[in-house]
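Colleague: I'm new to reading protein models. Could you walk me through one, feature by feature?

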Amino acid sequence: MTFIDPKLVPKFKLSSGAEVPVVGMGTFGNDRFTPEQVGAAVKGAALAGYRFFDCAAAYQNEPDIGEALASAMAEGGIPREELFISSKVWNDMHGRGDVLIACAKTLKDLRLDYLDGYMVHWPFPNYHPPGCARDYRNPNSHPFLLDEFMETWRQMERLVELGLVKHIGVSNMTEAKLRAMLPLCRIRPEFNEVELHPGFQQPELFDFCQREGILMIGFCPLGSPTRPARDKLPDDVNVMEMPEVVEIARAHGVHPALICIKWAVRRGHMPIPFSIYENEYVSNLRCVTEDPLTDAEFETLTRIDTGRRIIKAQNFLWPGAAGWENLWDLNGEIDCTGWKG
Ligand SMILES: NC(=O)c1ccc[n+]([C@@H]2O[C@H](COP(=O)([O-])OP(=O)(O)OC[C@H]3O[C@@H](n4cnc5c(N)ncnc54)[C@H](OP(=O)(O)O)[C@@H]3O)[C@@H](O)[C@H]2O)c1
């Protein structure tokens, strides 16, 4: 097994001063891989030198990941403090008292005493069952409501005060929603996990988060080529097939995946690529320790943003909404189109 010394992996600094490796591992097996397969990959990745793992209760594999981490720590002599284990509270656990229960379950499943990171997975409690169809709609769904979200956030803050979580963050937050929540925080989010890859760069949100000291974590950093058909639309961008990505990959003699990762790290956000295959996850980590992009390559990749997101999240729409665009506050204000509540 290849070992990449975690000391050689560059770090990003969180606003609290804590450090995280510039690349982490995603753990969403989707409907392609079993929890056991994802667990085996997490163990392999930890033994190969990964130190950041992006988990979530909604991925339905935290018990397997807990077993994998325990076994990797024992076999590899990895001290707990070297790991940064992050998870997320799912949409059906935003209610009063529920966040604590959700966190306790995740801690138990992951076999941990504390989490390094914990995020609110989506900024509303709109629930959809795992693996549901593209046109599934929950009649109880509604837009982002600041007071309701802050009740959830207060519980996140409480988890830090209780010592159960070290750093809290958000996910799928727009600038409009962040602007609304930040002045009300006792403890500010230290990261915002959103879709980011060369084909969808979200430059305004990135700049805003940088100014606010919030680290961006990029999900689907390779464009999630193997996502389920229900999440694919004909005009979606195929990031690893974009000509500029392919050409730069050829110049470096590597797979286009590694160019997407190098670009993210050079830009200053943390990619969390997923793979269960050892050759892939090892190369996804190793690539940030060698052969960086040239300035010209970085500039070229920065110019290929299409502004088109892959993960539209249409399952979270509320009754009366016009389309998935309403979830993303495209006009810079919290979008409640069609909401009669
Ligand atoms: N916060 C959120 O709402 C949210 C939403 C979505 C995802 N996420 C997180 O982000 C993570 C990553 O997103 P993702 O899994 O959808 O997409 P991704 O990382 O962009 O793409 C994953 C796919 O890329 C391929 N791949 C990985 N490394 C490769 C390499 N070195 N060479 C060639 N192909 C490679 C793999 O395909 P093969 O399996 O065919 O090799 C893998 O299935 C998730 O696992 C999850 O942790 C978070």
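**Around the ligand**

Modeller: Sure, and keep in mind that this model is predicted. Let's start with the ligand's surroundings: sorted by class, the shell has twelve nonpolar, twelve polar and four charged residues.

Colleague: How many residues surround the ligand, and which are the closest?

Modeller: There are 28 of them, and the closest are Gly26, Phe219, Leu222, Ser224 and Phe274.

Colleague: Which helix gives the largest share of that shell?

Modeller: Helix α9, residues 278–286, with three residues.

Colleague: Okay, what about helix packing? How do the axes of α1 and α9 cross?

Modeller: You look at the distance between the axes, then at the angle. Helix α1 covers residues 35–48, and its axis comes within 10 Å of the α9 axis, crossing at roughly 40 degrees. Angles from 35 up to 65 degrees fall between roughly parallel and roughly perpendicular, so α1 and α9 are oblique to each other. Their crossing is right-handed.

Colleague: Which residues of α1 and α9 meet there?

Modeller: From α1 you have Ala41, Gly44, Ala45 and Ala48, and they meet Glu278, Tyr281, Val282 and Leu285 of α9. By class, this contact has six nonpolar residues, one polar and one charged.

Colleague: And the whole chain? What does its radius of gyration say?

Modeller: You compare it with what a compact globule would have. For 341 residues that would be near 20 Å, and the protein chain has 19 Å, so the two agree. Its C-alpha atoms fill a box of roughly 55 × 45 × 35 Å along the principal axes. In that box the chain has ten helices and ten strands.

Conventions: Residues are numbered from 1 along each chain as its sequence is written. This is a predicted model: local features need pLDDT of at least 70, side-chain atom pairs count only at pLDDT 80 or more; totals for chains, interfaces and linings use all residues. A residue is near a molecule or strand if its C-beta atom, placed from the backbone, lies within 6 Å of it. Helices (H or I, at least four residues) and strands (E, at least two) are DSSP runs, numbered from the N terminus. Ala, Val, Leu, Ile, Met, Phe, Trp, Tyr, Cys and Pro count as nonpolar, Asp, Glu, Lys and Arg as charged, and the others, Gly among them, as polar. Axes are lines fitted to C-alpha atoms, for helices over the stretch in contact, and angles run from 0 to 180 degrees between N-to-C directions. Angles under 35 degrees count as roughly parallel, over 145 as roughly antiparallel, 65 to 115 as roughly perpendicular and the rest as oblique. A crossing is left-handed if the near helix is turned anticlockwise from the far one by less than a right angle, and right-handed if clockwise. Two residues are in contact if their C-beta atoms, placed from the backbone, lie within 7 Å. The radius of gyration is taken over C-alpha atoms; the globule rule is 2.2 Å times the number of residues to the power 0.38.
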